[in-house]
Amino acid sequence: MTARILAAGDQFVRPELLVGALRRELGEGPEITTLELPWPVRPFGRVAEVDEASGDEEEMIAALRGVRVCVTQLAPLTERVLAACPDLELFAVGRGGPVNANLAAAAAHGVAVTAAPGRNASATAEHTVAMLLAAARRVPHTDRELRQGVWRGDYYRYDEVGIELDGACAGLVGYGAVGRRVARILRGFGARVVVHDPFVPAESIEADEVVELAELLGRADVVSLHARLTPETAGLLGAAEIAAMRPGAILVNCARGGLLDYDAVCDALDAGHLFAAAFDVFPEEPLPADSRLPRTPGVVLTPHLAGASKQTAHAAARIVAAEAGRHLRGEPLAHRVN
C-alpha cells in the first residue's frame, strides 16, 4: 500500500521545501499532500493543550485523514487530533523543541514524535554574536539617531564607549549546539570564554574555564544565555543574579524568554548597573504594548529571528524527511522525543 505523507509547512519551512526533501529521501513512491500554515504572518500561539503552534485542530484533522506520516514545523498535534487520526504513525517536527506536540498523548496513541536538534544552531549563534556586537557598540541606536539628523559625538566619551571582544571575558550559560558555536566564534575574536552548564560533562566543553553560575556572573563582561527552558531553568536569572553581574556588563538572550526576569534587566539598565542588553526572545510574544523593553535605553531587540536563515529552513526539511524515510523503511528513528 502506498504510504500517505502530509507536508504541513508554513511560510518559512515551506511545503515545497518539505516535498523536495521527501522526494530526495523517498523517491516518487509515497503520496504527498501539502498544507500551508499561516506562520509567521500570523504569530504562533497556544492551540488546545500545546504551545507555539500554527493552524488549528480542525484543519489538521481534515488534512491527516489516511495519513501515516506528517512532517512539519509548527502544526498542532493535540489529544483531539490524535484521537481523530488513527492512521498517523509518525509526527516529525522540524524544530529543536517540539512543544507544538502533546508528547504523552502521542505515545499513548502509538505515534512517534521526532525533533530536529541543531537545525538552526549556526544561524542562532551568528545572530547572538551580531546582537552582542550591536549592543556593545550601540549600532542600532546611533544608526537611528543619525537618520534623524543627530550626530552623537558624545558617545566617544570614555564613560559612554563600549567594549572590545578581544580580551573580554564572555560567560556562556549553556553549552548545547548553539552555545558551542558561540564559544568558538567568541574565542576567534580573542575573548576569554567561561561556561556554566551542569548538564554537560566539563571535559567535553571547549572553553577557557568551566565555572559555577555565580562565578560566571561576577566575572563576565558579557553574559549570553543558551540554556533550554525547563522547570529547572525557568527564571534562571532574576533580580539577585542580575545584581551580581559585573558593573557595566552586557546581557544577551537569544534562547528562551522564560530564562530571565526582564523587569529586573530594565531596572539594572535604568540604574546604570548594566551597560546594554540584547534580546531576541521574550516571555510574551509579540511584545505587549506596555512592555518596558522598547523604552529602556541600551536595549537591542529583534522579533525572535535568531534562527531565521535559508539554511535553517532547508535543514529542518532535510531532517524531518530523513526521519520519514527511516520510519517507512523500518529503521530506528534518530531523534525520537517520546
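Is Arg-219 buried, partly exposed or exposed? Arg-219 is partly exposed, with a relative accessible area of 26%. The model is predicted, and the structure holds 26 salt bridges. The points below cover some of these salt bridges, the annotated domains, one helix, a surface patch and several backbone features.

**Annotated domains**

- The UniProt record, an unreviewed entry, carries the annotation "domain: D-isomer specific 2-hydroxyacid dehydrogenase catalytic" for residues 54-338.
- Residues 54-338 are 34% helix and 14% strand, and the end C-alpha atoms of this span are 21 Å apart.
- The annotation "domain: D-isomer specific 2-hydroxyacid dehydrogenase NAD-binding" also comes from an unreviewed UniProt entry and covers residues 129-306.
- For residues 129-306 the content is 28% helix and 17% strand, with the end C-alpha atoms 10 Å apart.

**Salt bridges**

- Arg-219 pairs with Glu-215 in a salt bridge, and their closest N and O atoms are 2.8 Å apart.
- Both Arg-219 and Glu-215 belong to helix α8 (residues 213-219), where they sit four residues apart, about one turn of the helix.
- An α-helix has 3.6 residues a turn, so residues three or four places apart point the same way.
- Glu-215 is partly exposed at 37% relative accessibility.
- Glu-209 and Arg-192 form a salt bridge through their side chains, with an N to O distance of 2.9 Å.
- This pair links distant parts of the chain, as Glu-209 is in strand β10 (residues 209-210) and Arg-192 is in strand β9 (residues 192-196), 17 residues apart.
- Glu-209 is partly exposed at 25% relative accessibility, and Arg-192 is also partly exposed, with a relative accessible area of 38%.
- A salt bridge also joins Asp-263 to Arg-292, with 3.6 Å between the closest N and O atoms.
- Asp-263 and Arg-292 link distant parts of the chain, 29 residues apart: Asp-263 is in helix α10 (residues 262-270), and Arg-292 is in the loop between β13 (274-279) and β14 (299-301).
- Asp-263 has a relative accessible area of 45% and is partly exposed, while Arg-292 is partly exposed at 25% relative accessibility.
- Arg-192, Glu-209, Glu-215 and Arg-219 are joined into one network by salt bridges that share partners.

**Helix α1**

- Helix α1 (residues 15-26) has twelve residues.
- From its first C-alpha to its last, α1 reaches 16 Å, close to the 16 Å expected at 1.5 Å a residue.
- The buried residues in α1 include Pro-15, Leu-18, Gly-20, Ala-21 and Leu-22.
- These buried residues of α1 pack against three strands, β1 (4-9), β2 (31-36) and β5 (69-72), and against helix α11 (310-329).
- Gly-27, just after α1, has a positive phi of about 75°.

**Nonpolar surface patch**

- A nonpolar patch on the surface is formed by Tyr-156, Tyr-158 and Val-161, which together have about 450 Å² of accessible area.
- Tyr-158 is in the loop between α6 (139-147) and β8 (169-173).
- The relative accessible area of Tyr-158 is 72%, so this residue is exposed.

**Backbone features**

- Most residues other than glycine have a negative phi, and most peptide bonds are trans.
- The peptide bond that joins Trp-39 and Pro-40 is cis, with omega about 10°.
- Pro-40 is in the loop between β2 and β3 (45-47).
- A cis peptide bond also runs from Glu-285 to Pro-286, with omega near -5°.
- Pro-286 is in the loop between β13 and β14.
- Glu-52, a residue other than glycine, has a positive phi near 50°.
- Strand β4 (residues 50-53) contains Glu-52, which is buried because its relative accessible area is 18%, under the 20% cut-off.
- Arg-138 is also a residue other than glycine with a positive phi, near 55°.
- Arg-138 is in the loop between α5 (121-136) and α6, and at 14% relative accessibility Arg-138 counts as buried.

Note on methods
Residues numbered from 1 in each chain as written. Predicted model: local features only at pLDDT ≥ 70, side-chain atom pairs only at ≥ 80, totals over all residues. Heavy atoms only, no water. Patch = residues over 30% accessible without salt bridge, like charges linked within 9 Å, V, L, I, M, F, W, Y side chains within 5 Å. Areas by Shrake-Rupley, 256 points an atom, 1.4 Å probe, with all protein chains shown as cover. Salt bridge = Lys/Arg side-chain N within 4 Å of Asp/Glu carboxyl O. Helix = DSSP H or I, 4+ residues; strand = E, 2+ residues; numbered from the N terminus. Buried < 20%, exposed > 50% of the residue type's maximum accessible area, 1.4 Å probe, protein only. Expected span 1.5 Å × (residues − 1). Contact = heavy atoms within 4.5 Å. UniProt positions renumbered as here; feature names shortened; annotations may be inferred.
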